[in-house]
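Here is a short walk through one protein model. Have a look at the sequence and the 3D view first, then read on.

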Amino acid sequence: MDYVISTQPIVSLPVHGTDAKFPVRRVYCIGRNYAGHAIEMGHDPDREDPFFFQKNPNNLDLSGEFPYPQKSSDVHHEAELFVALKTGGTNIPVNKALDHVFGYGLALDMTRRDLQSIQKKMGRPWEVGKAFEKSAPCGPVHPVSAVGHLDQGHLELKVNGAVRQEADLNQMIWKVPEMISYLSEYYELAPGDVILSGTPSGVAAVEKGDVMVLTIDGLGSLEVKVV
Ligand code: MN
């Protein structure tokens with residue numbers, strides 16, 4: 001087959017401890033999944049139905065550098081656990097959902113908060129605030145075979161050595177099996193899908209030169225410099 005323009009490379013993440021790569025199909029993100037963050041964003045933390053948005057697969061970035069994006073002067077970090085799926089489907093029951101998980105990893109849902117706030121007020125989609133170039137710095141996938149399923153564990157984000165975000169994974173409003181099940185009612189999930197599982201309270205602005213270090217028990221750490 002001849003393509004009329006050059007084809008895009010397959011986006012993939014390294015699989016920790018191996019030479020293999022995990023190919024990425026889609027990137028889903030869940031919003032307001034820790035009560036503290038819902039409150040700080042001005043929302044009721046009660047267990048409303050979850051909601052989702054997407055980033056683009058090639059927004060994932062392994063370089064360890066986050067270029068401060070254009071068109072914003074209020075770019076926030078959101079420290080998150082990601083879930084990588086090896087299989088998918090629709091209407092996946094909660095009690096079968098973890099069977100679809102290949103592994104877990106560390107990600108930052110970088111957000112142009114000023115743009116997102118404007119879009120929210122106007123009832124418009126969030127893409128300009130969320131799905132921009134290199135907006136999802138991340139680390140490798142840690143396979144379940146090595147780290148098990150992460151339903152608890154300390155999550156911490158430091159910026160320039162000071163703790164900004166801190167929580168336990170067991171504080172998620174919608175647990176990983178529930179978010180997979182919910183998502184599968186709206187979309188056909190498939191191998192390669194990645195889900196960013198939401199951020200705890202403490203989101204805040206970054207500046208050029210800042211060094212962000214995200215750590216989750218069992219997954220090591222991810223260091224990203226704002227450049
Ligand atoms: Mn987020």
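Helices (H or I, at least four residues) and strands (E, at least two) are DSSP runs, numbered from the N terminus. With those labels we can place a residue: Lys71 sits in the loop between strand E6 (65-66) and E7. Keep in mind that this is a predicted model.

**Two residues with positive phi**

Let's stay with Lys71 for a moment. Its phi is near 65°, a positive value in a residue other than glycine. Is Lys71 buried or exposed? Lys71 has a relative accessible area of 70%, so it counts as exposed, the cut-off for that word being over 50%. Asn160 is not a glycine either, and its phi is positive too, at about 50°. You'll find Asn160 in the loop between E13 and strand E14 (162-168).

**The sheet of six strands**

Now for the strands. In general, strands of a sheet pair through backbone hydrogen bonds, either parallel or antiparallel. One open sheet here has 6 strands in the order E4-E3-E15-E8-E9-E12, and its pairing is mixed. Strand E4 (52-55) and strand E12 (142-143) each have a single partner strand, so they stand at the edges with one side lacking a neighbour in the sheet.

At one end, E3 and E4 run antiparallel and are joined by 4 bridges; Tyr28 stands opposite Gln54 in E4. Further along, 7 bridges pair E8 with E9 in the antiparallel sense, and Ala84 has Gly103 in E9 as its bridge partner. E9 also runs antiparallel to E12, with 2 bridges between them. There, Tyr104 has His142 of E12 as its bridge partner. How many residues of E9 are buried? The count is 7 of its 8 residues, so E9 is mostly covered.

**The sheet of three strands**

Another open sheet has 3 strands in the order E10-E7-E16, with antiparallel pairing. Its edges are strand E10 (111-112) and strand E16 (204-205); each has a single partner strand, so one side of each is left without a neighbour in the sheet. Strand E7 (residues 75-77) is joined to E16 by 2 bridges, and His77 stands opposite Ala204 in E16.

**E17 and its partners**

E17 is a nice one to click through. In a regular strand the side chains alternate between the two faces of the sheet. Along E17, Met212, Leu214 and Ile216 point to one face and are buried, while Val211, Val213 and Thr215 point to the other and are not. E17 pairs with E13 in the antiparallel sense over 5 bridges, and it runs antiparallel to E18, also with 5 bridges. Thr215 turns up in both pairings: it is the bridge partner of Glu156, and it stands opposite Ser221 in E18. E17 and E18 form a hairpin with 4 residues between them, and Gly218 in the turn has a positive phi of about 90°.

**The nonpolar cores**

In soluble globular proteins, nonpolar side chains tend to be buried together. The largest nonpolar core in this model has 43 residues, and Leu81, Tyr104, Leu108, Ile180, Met212 and Leu214 touch the most other members. Among the elements that give two or more residues to this core are strand E9 (101-108), helix H5 (176-186) and strand E17 (211-216). H5 gives the largest share, 5 residues. Apart from this core lies another, of 18 residues, including Cys29 and Val194.

**The manganese ion**

Which residues coordinate the manganese ion? They are Glu78 (OE), Glu80 (OE) and Asp109 (OD), at 2.0 to 2.1 Å. Along the chain, these donors follow the spacing E-x1-E-x28-D. Two of them count as buried because their relative accessibility is under 20%:

| Donor | Relative accessibility |
|---|---|
| Glu78 | 4% |
| Glu80 | 0% |

**A cavity inside**

Rolling a probe the size of a water molecule over the atoms shows where empty space is left. The count comes to 1 cavity of 30 Å³ or more, with about 120 Å³ of space in it. Of its 17 lining residues, the closest to the centre are Gly31, Arg32, His37, Glu78 and Lys130. Glu78 is thus a name you have met already, as one of the residues that coordinate the manganese ion. Helix H2 (residues 113-121) provides the largest share of the lining, 3 residues. By class, the lining has 5 nonpolar, 5 polar and 7 charged residues.

Technical notes. Residues are numbered from 1 along each chain as its sequence is written. This is a predicted model: local features need pLDDT of at least 70, side-chain atom pairs count only at pLDDT 80 or more; totals for chains, interfaces and linings use all residues. Side-chain values use heavy atoms; hydrogens and water are left out. A nonpolar core is a set of buried Ala, Val, Leu, Ile, Met, Phe, Trp, Tyr and Cys residues joined through side-chain atoms within 4.5 Å. Buried means under 20% relative accessible area, exposed over 50%, partly exposed in between (1.4 Å probe, protein chains only). Donors are N, O and S atoms within 2.8 Å of the metal (3.2 Å for Na, K and Ca); water is not among the atoms, so sites may look incomplete. On a 1 Å grid over the protein atoms alone, a cavity is a set of points where a 1.4 Å probe fits but cannot get out, and a pocket is an open set with protein on both sides within 12 Å along at least five of seven lines; lining residues have an atom within 4 Å of a point. Grid points are joined across faces, edges and corners, and a volume is the space filled by probe spheres set on the points. Ala, Val, Leu, Ile, Met, Phe, Trp, Tyr, Cys and Pro count as nonpolar, Asp, Glu, Lys and Arg as charged, and the others, Gly among them, as polar. Two strands pair if DSSP finds at least two bridges between them.
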